[in-house]
Amino acid sequence: MRLYIMQLGINPAAGSPYPGYLIQVGDGTNVLVDTGFGPKMVEVSRQPGHQGARITEDDLVVNQLARIGVRPEDITHLVATHFDGDHAGCLTAFPRAEIVVQRRHYETAKSGHPRFAGTREQWDDPRLRYRLVDGDTTLLPGIELIETSGHVPGHQSVLVRLPKTGPVLLAIDAIARALGDHTPETRPMGPYDLDEAGTRASTRKLVDLAAREGVKLIVYGHDPEEWKKLKKAPEFYA
Ligand SMILES: [Zn+2]
């Protein structure tokens with residue numbers, strides 16, 4: 001099993017990355033976790049005076065996958081951690097994949113929550129094949145989905161048990177930046193964390209899980225400092 005960490009864009013002022021992940025199981029199963037921003041953001045990034053996320057054509061997930069020889073039709077499972085624009089911008093590029101999302105998240109979006117209106121054309125498309133899951137779920141042997149509501153309802157993180165590296169936790173936006181000296185109970189909230197109590201509870205859940213499972217690497221959702229040290233595609237963790 002291999003874990004590729006892909007850079008699907010960057011915020012140059014903050015140095016913070018927009019990641020996506022590919023988990024390759026030796027048998028031809030390819031699990032994509034998140035899809036980054038969509039092509040519209042490439043246009044937006046080109047506008048004079050644009051600030052914030054800067055996305056190039058090269059950053060788009062299909063182009064990042066192509067660099068490691070993976071085509072959209074090779075993706076068998078697509079884990080959507082949540083439908084924010086920097087995570088769910090290219091879902092429709094993978095009509096053959098089973099899209100795995102927490103039922104609570106899907107239903108929150110479907111009920112018309114304004115937070116997910118901007119990506120609706122991506123997640124609400126009849127061509128997509130969904131598998132809705134309820135809470136912590138084993139996706140495949142060695143790949144666990146961890147329900148981590150708070151940032152948004154029904155957010156999910158991913159635990160990957162790699163043969164050499166050991167367990168790796170993709171915290172996604174449940175813990176977007178390393179806690180440093182903070183605890184889950186004192187950590188700062190991010191500007192897009194909807195529910196403080198839920199975010200703290202999910203942070204605690206992941207910290208406890210990491211200790212219990214002997215996690216060797218926690219990949220935070222958007223951490224500029226950690227990003228410099230991670231192996232990025234085409235390198236991988238095995
Ligand atoms: Zn995010």
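Which strands are included in what covers the buried residues of α5? The answer includes β8, β9 and β10, and the paragraphs below lead up to that arrangement from the chain as a whole. The model is a predicted one, in which local features need pLDDT of at least 70 and side-chain atom pairs count only at pLDDT 80 or more, while totals for chains, interfaces and linings use all residues. Residues are numbered from 1 along each chain as its sequence is written.

The secondary structure of the protein chain comes to six helices and 11 strands, where helices (H or I, at least four residues) and strands (E, at least two) are DSSP runs numbered from the N terminus. The C-alpha atoms fill a box of roughly 40 × 40 × 35 Å along the principal axes. A compact globule of 238 residues would have a radius of gyration near 18 Å, and the 16 Å of the protein chain agrees with this; the radius is taken over C-alpha atoms, and the globule rule is 2.2 Å times the number of residues to the power 0.38. Of the 238 residues, 43% are buried, a residue being buried if 20 or more other C-beta atoms lie within 10 Å of its own, exposed if 12 or fewer, and partly exposed in between, with C-beta atoms placed from the backbone. Among contacts with a separation of 6 or more, 64% are accounted for by residues 24 or more positions apart, and two residues are in contact if their C-beta atoms, placed from the backbone, lie within 7 Å.

One sheet is open and consists of six strands in the order β1-β2-β3-β4-β5-β6, with mixed pairing; two strands pair if DSSP finds at least two bridges between them. At its edges stand β1 (2-11) and β6 (129-133), each with a single partner strand, so one side of each is left without a neighbour in the sheet. Neighbouring strands of this sheet are turned by 25° against each other on average, direction ignored. Within the sheet, β4 (residues 77-79) and β5 (residues 98-102) run parallel and are joined by three bridges, and valine 79 has valine 100 in β5 as its bridge partner. Helix α3 (residues 103-110) lies across β5 and β6 and runs at about 90° to β5; axes are lines fitted to C-alpha atoms, for helices over the stretch in contact, and angles run from 0 to 180 degrees between N-to-C directions.

Another open sheet has five strands in the order β7-β8-β9-β10-β11, again with mixed pairing. Here β7 (137-140) and β11 (217-220) stand at the edges with a single partner strand each, so one side of each lacks a neighbour in the sheet. The twist averages 25° from one strand to the next. Three bridges join β7 to β8, which run antiparallel, and five bridges link β8 (residues 143-147) to β9 in the antiparallel sense. Strand β9 is also antiparallel to β10 (residues 166-172), again over five bridges, and a hairpin of three residues connects β9 to β10. Leucine 159 appears in both pairings of β9, as the bridge partner of glutamate 144 and as that of leucine 169 in β10. Five of the seven residues of β9 (residues 156-162) are buried, so this strand is largely enclosed by the rest of the structure.

Helix α5 (residues 196-213) lies across β8, β9, β10 and β11, running at about 175° to β10. Its 18 residues reach 26 Å from the first C-alpha to the last, close to the 26 Å expected at 1.5 Å a residue, the expected span being 1.5 Å times one less than the number of residues. Thr199, Ser202, Thr203, Leu206 and Leu209 of α5 are buried. Seen down the axis, the buried residues of α5 fall within an arc of 130°, so they line one face of the helix; the arc is that of the directions from the helix axis to the C-beta atoms. The face turned away from this buried side carries the exposed residues Glu196, Ala197, Asp208, Ala211 and Arg212.

Some backbone details remain. Most residues other than glycine have a negative phi, and most peptide bonds are trans. Aspartate 34, in the loop between β3 (30-33) and α1 (39-46), has a positive phi of about 70° although it is not a glycine. Isoleucine 172, in strand β10, likewise has a positive phi, of about 55°, and is buried with 28 other C-beta atoms within 10 Å. A cis peptide bond with omega of about 10° joins alanine 233 and proline 234, and proline 234 lies in the segment after α6 (224-229).
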